Amino acid sequence: ELLAVYAPPTADETETTDAPMTEPVTEPVDQPQDGYRSATVYLTFEDIEDTNTPMLLDTLAAHKAKATFFVSGEQMSEYPDLVLRIITEGHALGLHGMNGDEYSMQKTEDILASFDEENELLYALIRRKVRLIRCPNGSRSGRLVLTDAQKTALLDAGYIMWDWNISAMDHDPAYSA
């Protein structure tokens, strides 16, 4: 049920579902003593591995927080138990390309094939497909800049693209965990 909102319709289904929308705040937000007001933050993470991801999941659980994890097909194959843990703990899962390599995703047909192949792998693992995707390193990285036509092709294929706008610089060896 968790992933049903992201799953593409099957041949038997006549209606489609959209990604869940948050309800607008209709009551004033209390102002805390420190002057900051509360806000909604959507946490998304790219990639998983067996060292830090379990600790991250433990931290999210301790704070009763949810996140969306964008996982490549290679990572799904390597860490199926982590994928299952992400799902069973109520987090969302998105596709991140079969191998997380933007060099292999330059042509529209290659981009679609990568997400389609990864979705088939996810289906084999959890019997669900998802519609939520994020290109490796975002849709405007140094090596990949999606064109409007490519974005339209992804939408036409039923995918919902979720991008990022703040980098934690965790890919830079000058920064530590």
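**View 1. Arg134 sits in the loop between strand E4 (132–133) and H5.** In this predicted model, Arg134 is buried, with a relative accessible area of 1%. Its company is mixed: leaving aside residues up to four places away in sequence, Arg134 touches Thr44, Phe45, Glu46, Phe70, Leu95, His96, Phe115, Trp162, Asp163 and Trp164. For one of these neighbours there is a distance to look for, as the side chain of Arg134 reaches the backbone oxygen of Asp163 at 3.4 Å.

**View 2. Here is the largest nonpolar core, with 28 residues.** The residues with the most contacts inside this core are Ile48, Phe69, Leu93, Leu95, Phe115, Leu122 and Leu154. Elements giving two or more residues to the core are helix H1 (53–62), strand E2 (68–71), helix H3 (80–88), strand E3 (92–95), helix H4 (108–126) and helix H5 (148–156). The largest share, 5 residues, comes from H4.

**View 3. Now zoom in on Phe69 and its contacts.** Not counting residues up to four places away in sequence, Phe69 touches Phe45, Ile48, Leu56, Leu57, Leu60, Ile86, His91, Ala92, Leu93 and Gly94.

**View 4. Helix H3 has buried residues on one side and exposed ones on the other.** Leu82, Val83, Ile86 and Ile87 are buried in H3. These four cover an arc of only 140 degrees around the axis, so they lie on the same side of H3. Asp81 and Thr88 are exposed on the other side. The cover over the buried residues of H3 includes H1, E2, helix H2 (73–78), E3 and H4. Follow the chain just past H3 and you meet Gly90, which takes a positive phi of about 90 degrees.

Conventions. Residues numbered from 1 in each chain as written. Predicted model: local features only at pLDDT ≥ 70, side-chain atom pairs only at ≥ 80, totals over all residues. Heavy atoms only, no water. Core = buried A, V, L, I, M, F, W, Y, C linked by side-chain atoms within 4.5 Å. Buried < 20%, exposed > 50% of the residue type's maximum accessible area, 1.4 Å probe, protein only. Contact = heavy atoms within 4.5 Å. Polar contact = N/O pair within 3.5 Å; in protein donor to acceptor, adjacent residues only side chain to side chain. Arc of directions from axis to C-beta.
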